[in-house]
Amino acid sequence: MQEQSSELEIRRPRRFDRWTLAHRATAVGFLALLWLGRFEWFPLFKGSAAATRALNVLAFADPLAALEAMLASRQATLTLLIAAGLPVVLYAFLGRAFCGWLCPLGLLLELSNELRTRVNRFLRRRKLALPDVALPRHTKYALLITFLVLSFAIQLPVFQIVSPINALARSVVFGPEAGLVLVGVIVAAEYVAPRAWCRALCPLGALYSLIGRAALLRVQIDQAREQAGKQCGLCTRSCPMGIAVLADHVQKGKAAIDDPACTRCGMCIDSCPRHTLHWGLSVRGAALVARRQKSPAPVQAGVDQTHAGWQ
Amino acid sequence: MLTRRRFLTILALTLGGGVGGFWLGQDKARTPARLRPPGALPENDFLAACIRCGLCVEACPYHTLKLEATHLTARGTPYLVARVVPCRLCQGYDELKCIAACPTGALRPVKTWREIRMGIAVINRETCLAWQGTPCRACWHACPFPNEAIVLDERGRALVDETKCIGCGICDHACITEPSSIVITPRGNNAGAIV
């Protein structure tokens with residue numbers, strides 16, 4: 001009775017989702033800092049999504065914004081190169097972590113998707129379901145190139161002008177602006193095509209995916225625990241980017257999640273009832289054999305045993 | 001896998017982006033003439049270089065700068081309405097705060113106030129009290145360069161020296177008629193000569 005094999009029957013145990021909470025809290029905190037920046041007595045953090053300045057000294061610029069501005073104005077200032085270089089270096093190590101941990105739109109869409117899941121659950125009881133349209137994930141790269149070419153051609157930082165990320169951040173800091181309409185449209189559209197913006201459309205996400213291709217910080221797969229598991233698929237279902245977390249990687253002999261779309265949100269780590277996934281600074285992950293030797297005892301199938309010593 | 005269907009979807013979405021961009025180019029021509037912060041590049045270059053972060057607006061100690069919230073091409077760019085709050089040229093501070101805050105070079109450093117070219121004050125002689133015969137020199141009093149940017153002729157009427165006026169708008173703010181009889185015309189794309 002407890003060993004139901006049907007995917008839907010497997011429910012993960014209720015527990016403290018530390019990474020889910022952590023990345024959401026960080027995004028809220030980032031937005032709160034930006035909002036505080038509007039006051040003169042708060043010099044710690046100023047700016048919005050396109051560029052921020054900490055302690056009146058250290059400036060960070062959105063690399064895409066900087067790239068577009070440089071293409072559009074056909075000039076590169078040292079200030080801008082340094083400001084954009086810092087995030088580039090950071091995310092070359094951390095991958096697409098901006099999307100998971102800082103992006104205000106990412107936060108909004110994640111929470112909105114949470115609501116969508118609840119609505120869907122409600123509908124399913126009445127034998128109904130929201131449509132589940134999946135756009136091709138490579139569209140964002142095509143859009144990135146389009147926006148860069150356009151920026152150069154019409155001499156405007158095109159994505160910075162239409163960006164719903166900028167519009168949302170600026171609306172929080174400086175008061176509502178017209179760009180919120182697009183934010184609303186995206187939120188609404190994601191009830192039909194879940195997480196389509198971050199997965200398939202966002203050019204900034206595309207750029208961060210490219211920057212973070214060789215990122216060191218990755219979700220690692222504990223092979224011993226993985227093999228003891230039942231392939232419940234909870235990690236794949238938890239992934240906001242729609243990555244087939246274990247299924248896709250284990251089959252190909254990979255011990256770390258190498259999908260460039262991974263936003264390092266950690267929700268797959270939270271979702272796993274067996275603690276198969278964990279953070280690590282390794283591009284390929286630990287080899288299967290080495291991992292086996294390290295693990296103290298052969299782990300048997302069974303949630304209770306694997307939980308021992310963890311919480 | 002790049003199936004035919006996927007390829008077409010990508011193509012359609014990308015073309016959509018392209019059409020949107022083209023439309024944006026048209027929209028650029030309709031950008032309202034705004035008074036930009038000191039040190040701003042000529043309007044077209046400014047719109048290209050500004051990444052619309054709002055750091056200059058937050059840095060402005062006199063709350064002069066506002067962020068464009070509606071018009072698409074200019075959305076998120078800083079501007080000021082001199083009649084409401086003019087550019088006080090950061091009097092009492094050691095630098096022009098907006099320029100120091102700008103991460104992009106859309107606002108260029110200036111060595112002295114005299115290098116600033118935001119716009120030119122234009123006097124409406126039909127409504128200006130001095131030009132209509134009533135003694136008034138409110139603009140001349142307020143101007144940061146009295147007897148240079150605004151000079152009084154032998155009958156006490158104000159005249160603007162276009163080579164000296166930096167376009168801060170302090171005169172516009174000071175004018176006692178309603179509506180103001182001295183208004184700043186943004187340099188716009190004529191601002192090329194940043195001395």
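**Figure 1. The contact between chain B and chain A in the predicted model.** In this predicted model, the place where the two chains meet is built from 34 residues of chain B and 43 residues of chain A. On the side of chain B that touches chain A, three helices each supply at least two residues, namely α1 (4–28), α2 (43–49) and α3 (55–59) of chain B. The largest share of this side comes from α1(B), which gives eleven residues. Sorted by chemical character, the residues of chain B that touch chain A divide into 15 nonpolar, 13 polar and six charged.

**Figure 2. Chain B as a whole, with its helices and strands.** The secondary structure of chain B comes to six helices and six strands, and a reader who follows the sequence from its start will meet them in the pattern α-α-α-β-β-α-β-α-β-β-α-β. What radius of gyration does chain B have, when a compact globule of 195 residues would have one near 16 Å? For chain B the value is 21 Å, and the C-alpha atoms fill a box of roughly 80 × 40 × 25 Å when this is taken along the principal axes. Of the 195 residues in chain B, 44% count as buried. Among the contacts of chain B with a separation of 6 or more, 68% are made by residues that stand 24 or more positions apart.

**Figure 3. The cis peptide bond before B:P179.** Most peptide bonds are trans. The bond that leads from B:E178 to B:P179, however, is cis, and its omega lies near 0°. To find B:P179 in the structure, look in the loop of chain B that runs between α6 (170–174) and β6 (182–186).

**Figure 4. The two domains of chain A and the contact between them.** The domain assignment of chain A gives domain 1, which covers residues 18–210, and domain 2, which covers residues 216–307. The centres of these two domains of chain A, taken over C-alpha atoms, are separated by 28 Å. Their contact takes 20 residues from domain 1 of chain A and 15 residues from domain 2 of chain A. On the side of domain 1 that touches domain 2, the elements of chain A that give two or more residues are α1 (18–36), α3 (78–94), α4 (97–101), α5 (104–124) and α10 (196–201). The largest share of that side is supplied by α1(A), with five residues. Taken together, the residues on the side of domain 1 of chain A that touches domain 2 of chain A divide into eight nonpolar, six polar and six charged.

**Figure 5. The crossing of helices α8 and α9 of chain A.** Two packed helices are described by the angle between their axes and by the distance between those axes. For helix α8 (residues 164–174) and helix α9 (residues 180–189) of chain A, the axes come within 8 Å and cross at roughly 115°, and the crossing is left-handed. From α8(A), the residues A:P164, A:A167, A:L168 and A:S171 meet A:L180, A:L182, A:V183 and A:I186 of α9(A). The residues of this contact between α8(A) and α9(A) divide into seven nonpolar, one polar and no charged.

**Figure 6. Two residues of chain A with a positive phi, A:R195 and A:H275.** Most residues other than glycine have a negative phi. A:R195 is not a glycine, yet its phi is positive, at about 55°, and this residue is found in the loop between α9 and α10 of chain A. A:R195 is buried because 20 other C-beta atoms lie within 10 Å. A:H275, which is not a glycine either, has a positive phi of about 55° and lies in the loop between α15 (267–271) and β5 (277–281) of chain A. Is A:H275 buried or partly exposed? A:H275 counts as partly exposed, because it has 15 C-beta neighbours inside 10 Å.

**Figure 7. The surroundings of A:A247.** A:A247 lies in helix α14 of chain A, which spans residues 245–251. Leaving aside residues up to four places away in sequence, A:A247 touches A:G233 and A:T236. A:A247 and A:Q231 are 16 residues apart in sequence, and their C-alpha atoms are 7.8 Å apart in space. A:A247 counts as partly exposed, because it has 13 C-beta neighbours inside 10 Å.

Methods:
Residues numbered from 1 in each chain as written. Chains lettered and ligands numbered in written order. Predicted model: local features only at pLDDT ≥ 70, side-chain atom pairs only at ≥ 80, totals over all residues. Helix = DSSP H or I, 4+ residues; strand = E, 2+ residues; numbered from the N terminus. Rg over C-alpha atoms; globule rule 2.2 N^0.38 Å. Buried ≥ 20, exposed ≤ 12 C-beta atoms within 10 Å, placed from the backbone. Contact = placed C-beta atoms within 7 Å. Axes fitted to C-alpha atoms, helices over the stretch in contact; angles between N-to-C directions. Left-handed = near helix turned anticlockwise from the far one by under 90°. Nonpolar A, V, L, I, M, F, W, Y, C, P; charged D, E, K, R; others polar. Domains from an automatic or database assignment.
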